Amino acid sequence: MANKTILTGWGRTSPSVAELLRPGAEAELTPLVLAPGGRGVIARGLGRSYGDPAQNAGGLVLDMTGLAAIGPVRDGYVTVEAGVSLHRLMRELVPEGWFPPVTPATRQVTVGGAVAADIHGRNHHADGSFGNHVTALDLLGADGVTRTLTPGDPDFWATVGGMGLTGVITKATIRLTPIETSRMIVNTWKCPDLESVMTRLTQADLAHRYTAAWVDCLSRQGRGVVEGADHARQGAARSFRARGFEAGPGFLPVGLLNRHTMGLVNRGLYATTKRESVQVRPLASFFHPLDRVGHWNRLYGPRGLVQYQFVVPMGAEQTLMKIVERIRRSHAASFQTVLKRFGPGSGGWLSFPTPGWSLSLDFPTTTKGLAWLLDRLDELVAEAGGRVYLAKDSRLRPELLPVMYPALAAFRERRRELDPRLVFQSDLARRLSL
Amino acid sequence: MKNAFGEPQSLLLVGGASDIAMATAMRLVRRRVRRVILAGRPSPARDAAAARLAEAGATVETADFDAFRVEEHAKVIGDVFAEGDVDVALVACGLLGDADLDPLKAADVAMVNYVGAMTAAIVCADAMRRQTHGALVVFSSVSAGRPSGSDFLYASAKSGLDAFARGLTEALRGSGVHVMVVRPGFVRSRLTRGVTPPAIATSPETVAGAVLDGLRAKSEIVWVPGILGQLTRLPGSVVRRITG
């Protein structure tokens with residue numbers, strides 16, 4: 001291999017070696033897809049998936065960030081190349097009064113990755129996931145032909161959430177959200193226990209476009225803070241300024257993130273939050289808490305972190321509470337625990353969001369008994385008719401996947417029709433037999 | 001593929017289902033291994049092993065592997081890798097010799113323990129290098145370094161294999177492939193039934209535990225029990241008395 005590179009996901013677990021190429025134009029992709037070598041090829045964006053979907057051990061990985069053209073905005077729609085990051089999209093479009101339809105907790109994801117993982121944000125209950133706002137996408141298939149897919153085409157929905165395994169997404173047309181300012185009006189409520197967090201979040205969903213709750217998993221009651229926000233309508237300038245692209249806090253001692261320090265931080269966060277407040281905040285400060293510190297994943301040390309995000313259907317509140325209780329009792333400390341209620345799913349075959357309660361957690365990989373604990377949580381989630389998020393997974397038992405994703409069989413079949421030689425390959429695909 | 005906790009999901013047993021290989025396989029299946037390939041001669045023992053592993057939850061495939069037929073190794077093992085990545089391969093071809101020096105029997109011992117095991121390991125290593133990941137576990141023996149009166153044919157073959165595997169460890173450094181040499185002392189198993197165990201004897205279960213620990217820690221040499229690694233500093237005559 002020419003450019004052997006060790007790649008990991010954002011969680012920095014399971015590194016694998018691949019040849020990494022960064023094409024500068026769409027035309028360069030075709031020959032690579034037609035003759036990728038014996039171990040196949042996968043597209044990679046900014047590497048923010050936590051697990052292994054953008055890795056391909058022994059094969060070829062295409063760094064898509066070289067394809068980064070942004071077209072003009074027409075009637076609220078924009079066509080962009082797959083390697084464009086949401087960060088750049090915001091920098092260019094917010095001053096013109098447009099906002100991406102969906103943004104996760106980091107701006108450092110590409111549009112191609114956003115489609116392939118069908119990402120969601122705090123507005124899922126109101127606006128759905130990223131795939132809901134894509135009106136067309138260009139897909140370079142295993143046959144070397146680029147097709148334009150629209151939501152009327154079943155392959156569109158195999159690709160949205162398809163983790164890059166149906167082909168290389170080269171372009172997408174996205175419906176943008178019009179905004180009047182670059183500020184958010186953020187309502188905050190402090191809730192003493194999990195039940196009141198859930199009630200408040202449900203109420204907030206009715207009144208606000210963007211909602212989420214932070215849960216203190218280490219507290220006995222599962223207390224938390226609920227936020228409900230909307231774009232501010234007028235006044236402030238629209239310029240988009242993002243603070244904090246400093247290199248990682250590599251100097252911080254690894255052991256800093258442990259149960260005790262996290263407990264202290266949580267207590268401090270909770271104590272300093274007002275019982276109820278309304279604030280005007282910049283876009284970045286509300287949407288992208290993870291971007292305040294570059295490479296925060298290094299805080300977890302060389303063994304990295306394991307993200308765990310699941311959704312259980314509405315009505316399975318008991319399962320959610322049971323899981324939170326189990327995590328608390330196991331003394332596994334999750335630094336960023338976020339609760340969110342999802343609205344209807346997009347229709348992507350392997351899309352994660354389905355109506356229900358979603359909780360996302362992150363644990364240091366070295367947490368004692370973590371592998372065992374998460375296996376048990378998987379069982380509870382599957383039993384309740386829920387699922388885990390493939391863009392965050394790095395350790396699911398493969399046999400649970402068809403239980404969690406009923407459309408998996410259809411996906412597997414279609415993938416093999418589109419790509420009989422399985423040219424599109426990733427460590428995730430191998431690990432979970434996609 | 002291994003998962004975030006480094007747990008393997010597919011396992012190849014070369015040399016069939018010895019007690020040690022089975023004990024290791026059962027432990028791995030209880031964790032994350034789902035695909036097990038038993039490469040060995042067709043036999044009721046292989047069928048029984050396949051049934052036990054399937055019962056434990058694995059999808060079991062068999063491959064007709066014969067340590068003597070080195071010319072087939074590339075094809076037989078190559079086919080296994082063509083079906084999907086192998087995360088761990090255990091090379092455990094074992095045949096004990098006896099004290100009377102029959103040249104043909106001695107050749108058999110060398111063929112199984114050394115030549116066959118080596119060619120199989122080379123094929124595995126090559127395939128793993130291409131997939132850029134995987135662990136290759138080569139079963140040597142404590143006697144490889146200390147041939148004793150009763151089993152020096154076996155020891156001489158293991159000694160060759162041991163040297164080969166240590167060389168392979170160096171050759172594959174940086175390739176993503178982890179080579180691990182396991183040197184058990186006397187193991188009470190089917191292979192050694194009827195032999196009087198020495199002072200320090202171990203069991204297939206203990207060896208399996210040490211293999212799992214070694215895989216996790218990415219060890220290159222594993223002694224079972226671990227104390228044997230220290231004993232090599234003692235004079236040979238003493239060691240032989242303790243380890244058999």
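This is a short walk through a predicted model, stop by stop. Residues count from 1 along each chain as its sequence is written, and chains are lettered from A, with ligands numbered from 1, in the order in which they are written. Because the model is predicted, local features need pLDDT of at least 70 and side-chain atom pairs count only at pLDDT 80 or more, while totals for chains, interfaces and linings use all residues; side-chain values use heavy atoms, leaving out hydrogens and water.

**Stop 1: a sheet in chain A**

Start by selecting residues 4–7 of chain A, which are strand E1, and 41–44, which are strand E3. Helices (H or I, at least four residues) and strands (E, at least two) are DSSP runs, numbered from the N terminus. E1 and E3 belong to an open sheet of four strands, ordered E1-E2-E4-E3, with mixed pairing. Two strands count as paired if DSSP finds at least two bridges between them.

Why do E1 and E3 each have one side without a neighbour in the sheet? They stand at the edges with a single partner strand each, so one side of each is left free of a neighbour there. From one strand to the next, the twist averages 45° (axes are lines fitted to C-alpha atoms, for helices over the stretch in contact, and angles run from 0 to 180 degrees between N-to-C directions).

Now add residues 16–21 of chain A: that's E2, running antiparallel to E1 and joined to it by four bridges. Click Lys4(A) and you'll find it opposite Glu19(A) in E2(A). In the loop between E1 and E2 sits Ser14(A), whose phi is near 45°, a positive value in a residue other than glycine.

**Stop 2: two domains of chain A**

Colour 65–179 of chain A as domain 1 and 183–398 as domain 2; these bounds come from an automatic or database domain assignment. Their centres, taken over C-alpha atoms, are 24 Å apart. Contact (heavy atoms within 4.5 Å) involves 35 residues of domain 1 and 37 of domain 2.

About 3200 Å² is buried between them, 60% of it from carbon and sulfur atoms. Buried area is the accessible area (1.4 Å probe) that two parts lose on being put together, summed over both. On the domain 1 side, pick out Arg107(A), Arg122(A) and His125(A): they lose the most area to domain 2, together 25% of what that side buries.

Next, show Asp127(A) and Arg209(A), whose side chains meet in a salt bridge at 2.8 Å, N to O. The rule asks for a side-chain nitrogen of Lys or Arg within 4 Å of a carboxyl oxygen of Asp or Glu. Three salt bridges are counted between the two domains.

Which helix gives the most to the side of domain 1 that touches domain 2? H4(A) does, with four residues.

**Stop 3: where chain B meets chain A**

Show both chains. The contact takes 15 residues from chain B and 22 from chain A, and the area buried is about 1600 Å², with carbon and sulfur atoms giving 55%. In chain B, select Met1(B), Ala4(B) and Phe5(B), which lose the most area to chain A, together 38% of what that side buries.

Five salt bridges are counted here. One to look at joins Asp85(B) to Arg39(A), with the closest N and O atoms 2.7 Å apart.

**Stop 4: a cis bond in chain B**

Finish at Pro225(B), in the loop between strand E9 (221–224) and helix H7 (228–231) of chain B. The peptide bond from Val224(B) to Pro225(B) is cis, with omega near -10°.
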